[in-house]
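Trainee: Could we take a close look at a single part of this model together? I would like to follow its neighbours outward from there.

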Amino acid sequence: MNEEAFNSPLFVKRATHIVQEIACLADAVDFLNEWPEDRRDLIHEAALRTCYDAYDGRKPVSAARNAFFGFAKRANILEDATSAMQWLAACKSGC
């Protein structure tokens with residue numbers, strides 16, 4: 001298993017009919033970096049910082065997953081895994 005992989009993936013709404021799987025740190029960082037600047041807030045900033053800290057080994061990957069989960073929940077983009085399967089977009093980073 002990739003040491004940067006999440007223990008279980010998260011699914012987020014990327015657009016109206018597109019759901020993306022976030023399975024590892026690279027997916028989370030890419031998603032957070034692509035988040036519109038006018039929608040960024042302290043929770044987004046904290047999630048991104050935690051993901052970078054996990055990349056650098058200063059925090060566990062589980063902390064990054066939890067931070068991304070909190071961001072996605074607050075942004076109201078979190079999707080249930082079972083309902084997400086029909087709309088799933090391929091993982092960009094290939095984790």
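Trainee: Which residue in E3 does Phe11 stand opposite?

Mentor: Happy to walk you through it. This is a predicted model, where local features need pLDDT of at least 70 and side-chain atom pairs count only at pLDDT 80 or more, while totals for chains, interfaces and linings use all residues. Residues are numbered from 1 along each chain as its sequence is written, and side-chain values use heavy atoms, leaving out hydrogens and water.

Phe11 stands opposite Glu79 in E3. Strand E3 covers residues 78-79 and runs antiparallel to E1, joined to E1 by 2 bridges (strands pair if DSSP finds at least two bridges between them; strands are DSSP E runs of at least two residues, helices H or I runs of at least four, both numbered from the N terminus). E1 also pairs with E2 in the antiparallel sense, over 6 bridges, and a hairpin of 2 residues joins E1 to E2. In that pairing, Leu10 faces Ile22 of E2.

Ile22 leads us inward: Ile22 is among the residues with the most contacts inside the largest nonpolar core, along with Phe31, Phe68, Phe71 and Ile77, and this core has 22 residues (buried Ala, Val, Leu, Ile, Met, Phe, Trp, Tyr and Cys joined through side-chain atoms within 4.5 Å; buried means under 20% relative accessible area, with a 1.4 Å probe and protein chains only). E1, H1, H2 and H3 each supply at least two of the core's residues, and H3 gives the most, with 6.

Phe31 touches Ile22, Phe68, Phe71 and Ile77, among others, not counting residues up to four places away in sequence (contact means heavy atoms within 4.5 Å). Phe31 is one of the buried residues of H1, and these pack against E1, E2, H2 and H3.

How values were computed: Buried < 20%, exposed > 50% of the residue type's maximum accessible area, 1.4 Å probe, protein only.
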